[in-house]
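Grab your viewer and let's work through a couple of pocket exercises. Try each task yourself before you read its solution.

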Amino acid sequence: MSEPILQIKNLRTSFRLEGRYYAAVDGINLEINKNEVFAIVGESGSGKSATALSVTRLHNPNYTTIEGEVLFGGQDLISIPEKQLNGIRGKHISMIFQDPLTALNPLMRVGAQIEEPLLYHSNMNAAQKKARALELLEAVGMASPQLIYRQLPHELSGGMRQRAMIAVALACDPQLVIADEPTTALDVTIQAQILDLLRKLQKDTQASVILITHDLGVVAEMADRVAVMYAGQIVEIASVWQIFKNPRHPYTRSLLASIPSAGENSGRLNAIAGTVPTLRKMPRTGCRFARRTPWISAAAHQENPTYHEIEPGHKVLCTCYRSFRFEGVNGGDK
């Protein structure tokens, strides 16, 4: 295994609600290796985006507390001064946000937004910055870079805006790119094009990628390793092959069971009963998925869940993985 580029140690991110703080990310530990695509997958409300935004402290500090360590290049991003962190954001770690229409400045032309990271993190002159912006627009598949360079975000289609957002993220050749559900708002055809583009750019630049998604199809297509997240915790972590061939946690298996199968005509889709608990109603002990697995007895869950290694590199939180049978991806949990 290659050397980690990012180490997340006991990360805990809490949001203030009505005067009290509630943990949306509850003590997770992850290592992201050089030149790998690491996916974090789970339902909405699982804490995926909260984790991504915590890495570079993009949460509002007036309503958020972040504890633990995020080690990058020998520095703890949680404890270093804001000015020092600004030298890392955009240059060494960049982010592709979920909705480019809101992430891009509506009053700035696309070219100027691509040049902005270069203004802060390079010594390029105006001509060099423009040449770099046009180079990036061409790299992300824009047919008319000169035209796109002069346009405003609202003049572009959804897919073109996402390509522009990727160009902004790659402007300074970052070592780590965090992609927060980069294809959520796009139709299926454009999704496929954006995924192909991300895969190509990752191979060309050899940057590490943290891919945040709820789409297991995207995970299968893009990722090297996967962390399955539920209610602020990592419940299973493994290679993408292990996750799809030998999923062990009941939550992972339930997610896989909910994927429609081509050719299956049973008349109904498998669904996971219940919802992710809210921050105010988060269980304090036991497996947090227990309430949604009535077929597993309470005695099968650990009171204080710990990780169990199923095979090298494959870990599962809680002993509940031992207490059920599973009939294939579309057979459901029993």
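**Exercise 1.** Into how many nonpolar, polar and charged residues does the lining of the largest pocket divide? Then work out which elements build that lining.

*Solution.* Keep in mind that this is a predicted model.

Step 1: sort the lining by residue type, which gives 13 nonpolar, eight polar and two charged residues.

Step 2: check the total, and you'll find 23 lining residues, with Arg89, Gly90, Phe97, Pro117 and Val168 lying nearest the pocket's centre.

Step 3: look for elements that give two or more residues to this lining; they are β6 (93–96), α4 (110–121) and α7 (158–169).

Step 4: pick the top contributor, and that's α4, with five residues.

Step 5: get the volume, which comes out at about 650 Å³.

**Exercise 2.** Now take the second largest pocket: what is its volume, and which residues are the closest to its centre?

*Solution.* Step 1: the volume here is about 430 Å³.

Step 2: 20 residues line this pocket, and Asn29, Glu31, Arg225, Ile237 and Lys315 sit closest to its centre.

Step 3: split the lining by type to get nine nonpolar, six polar and five charged residues.

Step 4: map the lining onto strands; β1 (4–17), β2 (20–33), β10 (233–239) and β11 (307–311) supply at least two residues each, and β2 gives the most, with five.

Step 5: bring in the domains, and you'll see that domain 1 (4–223) and domain 2 (230–323) each provide at least three residues of this lining.

How values were computed. Residues are numbered from 1 along each chain as its sequence is written. This is a predicted model: local features need pLDDT of at least 70, side-chain atom pairs count only at pLDDT 80 or more; totals for chains, interfaces and linings use all residues. Side-chain values use heavy atoms; hydrogens and water are left out. On a 1 Å grid over the protein atoms alone, a cavity is a set of points where a 1.4 Å probe fits but cannot get out, and a pocket is an open set with protein on both sides within 12 Å along at least five of seven lines; lining residues have an atom within 4 Å of a point. Grid points are joined across faces, edges and corners, and a volume is the space filled by probe spheres set on the points. Helices (H or I, at least four residues) and strands (E, at least two) are DSSP runs, numbered from the N terminus. Ala, Val, Leu, Ile, Met, Phe, Trp, Tyr, Cys and Pro count as nonpolar, Asp, Glu, Lys and Arg as charged, and the others, Gly among them, as polar. Domain bounds come from an automatic or database domain assignment.
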